Amino acid sequence: MSDQPDPTADLDTTPVAAPTGAEAAESSVPAASPAVEVVSSETSTVTVRRAPRYYRFMMVGLGVGLVITVILVLSFPTQSDYSALQVIGFVGLFIVAICVGLGALVAIALDRASRKRARPVEAQRIEEHDPTAAE
């Protein structure tokens, strides 16, 4: 016996059963296919960050603009020259456009702020070739 500690002494040697049924379907490890061969594999550093969806911010601006337009038009007395629907259309063109633009500006500001919290991660790109797919 030597004075050196056994490197396998801390390892857990309890056998683990393979997942079956639903557990196997939920497993995030893909099954290895013998027909697929890895052509190349490279690792690179990429930046990961959360980014806002501009479309959603602009749609919220559209909704807010419509609500503001309806409230403004209905809060003033009507004129005999134009119907309330015509006034909503005219005023809505400008107010909705402004609110959609403001929604886009908010999304841009949040996008710029999210760059501060971006973090680099290692990503592995794997190119595979499936010779059975060509047949």
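The legends below accompany close-up views of a predicted model of one protein chain.

**Figure 1. Overall arrangement of the protein chain in the predicted model.** The protein chain contains three helices and two strands, and from the N terminus these elements follow the order α-β-α-α-β. Of the 135 residues in the protein chain, 11% are buried. The accessible surface of the protein chain amounts to about 11,600 Å², of which carbon and sulfur atoms supply 61%. When contacts between residues at least 6 apart in sequence are considered, 90% of them join residues at least 24 apart. Two salt bridges are present in the structure.

**Figure 2. Helix α3 and its bend at G92.** Helix α3 covers residues 84-114. For its 31 residues, a rise of 1.5 Å a residue gives an expected span of 45 Å, and the end C-alpha atoms lie 43 Å apart, in agreement with that value. Within α3, a bend of about 40° occurs at G92. G92 is also among the buried residues of the helix. Near the start of the numbering of this helix, L85 is a member of α3; L85 counts as exposed because its relative accessibility is 67%, above the 50% cut-off for exposed residues. The C-alpha atom of L85 is separated by 9.5 Å from that of V70, a residue 15 positions away along the chain.

**Figure 3. The buried residues of helix α3.** These residues are G92, I95, V96, C99, V100, G103, A104, A107, D111 and S114. Residues three or four places apart in an α-helix point the same way, because there are 3.6 residues a turn. The cover over the buried residues of α3 includes helix α2.

**Figure 4. The nonpolar patch on the surface.** The patch is formed by Y54, Y55, M58, M59, L62, L66, I98, L102, L105 and I108, which together have about 920 Å² of accessible area. Two or more residues of this patch come from each of α2 (54-75) and α3 (84-114). Helix α2 makes the greatest contribution, with six residues. One of the patch residues, Y55, belongs to helix α2. Y55 is classed as exposed because its relative accessible area is 59%, where the class begins over 50%.

**Figure 5. The salt bridge between R49 and D111.** The side chains of R49 and D111 meet with an N to O distance of 2.5 Å. R49 is located in the loop between β1 (37-48) and α2, whereas D111 is in helix α3, so the salt bridge ties together parts of the chain that are 62 residues apart in sequence. Side chains of opposite charge can pair when their charged atoms come close. The two partners fall into separate accessibility classes: R49 is partly exposed, with a relative accessible area of 33%, and D111 is buried, with a value of 7%.

**Figure 6. Surroundings of D111 in helix α3.** Apart from neighbours within four places in sequence, D111 contacts R49, A51, P52 and Y54. Of these contact partners, R49 is also the salt-bridge partner of D111, and Y54 is also a member of the nonpolar patch. The C-alpha atoms of D111 and R50 are 8.0 Å apart, although the two residues are separated by 61 residues in sequence.

**Figure 7. S114 and A113 in helix α3.** S114 counts as buried because its relative accessibility is 5%, under the 20% limit. With neighbours within four places in sequence left aside, S114 is in contact with R49, R50 and A51. A113 is partly exposed, with a relative accessible area of 34%. The C-alpha atoms of A113 and R50 are separated by 9.9 Å, while their positions lie 63 residues apart in terms of sequence separation.

**Figure 8. The salt bridge between R125 and E127.** The closest N and O atoms of R125 and E127 are 3.7 Å apart, which is within the 4 Å limit for a salt bridge. R125 is exposed, with a relative accessible area of 51%. E127 is partly exposed, with a relative accessible area of 37%.

Definitions and conventions. Residues are numbered from 1 along each chain as its sequence is written. This is a predicted model: local features need pLDDT of at least 70, side-chain atom pairs count only at pLDDT 80 or more; totals for chains, interfaces and linings use all residues. Side-chain values use heavy atoms; hydrogens and water are left out. Patches are made of residues with over 30% relative accessible area and no salt bridge: like charges are joined within 9 Å, nonpolar side chains (Val, Leu, Ile, Met, Phe, Trp, Tyr) within 5 Å. Accessible areas come from the Shrake-Rupley method with a 1.4 Å probe; for residues, only the protein chains shown count as cover. Helices (H or I, at least four residues) and strands (E, at least two) are DSSP runs, numbered from the N terminus. Buried means under 20% relative accessible area, exposed over 50%, partly exposed in between (1.4 Å probe, protein chains only). The expected span of a helix is 1.5 Å times one less than its number of residues. The bend at a residue is the angle between axes fitted to the seven residues ending there and the seven starting there. Contact means heavy atoms within 4.5 Å.
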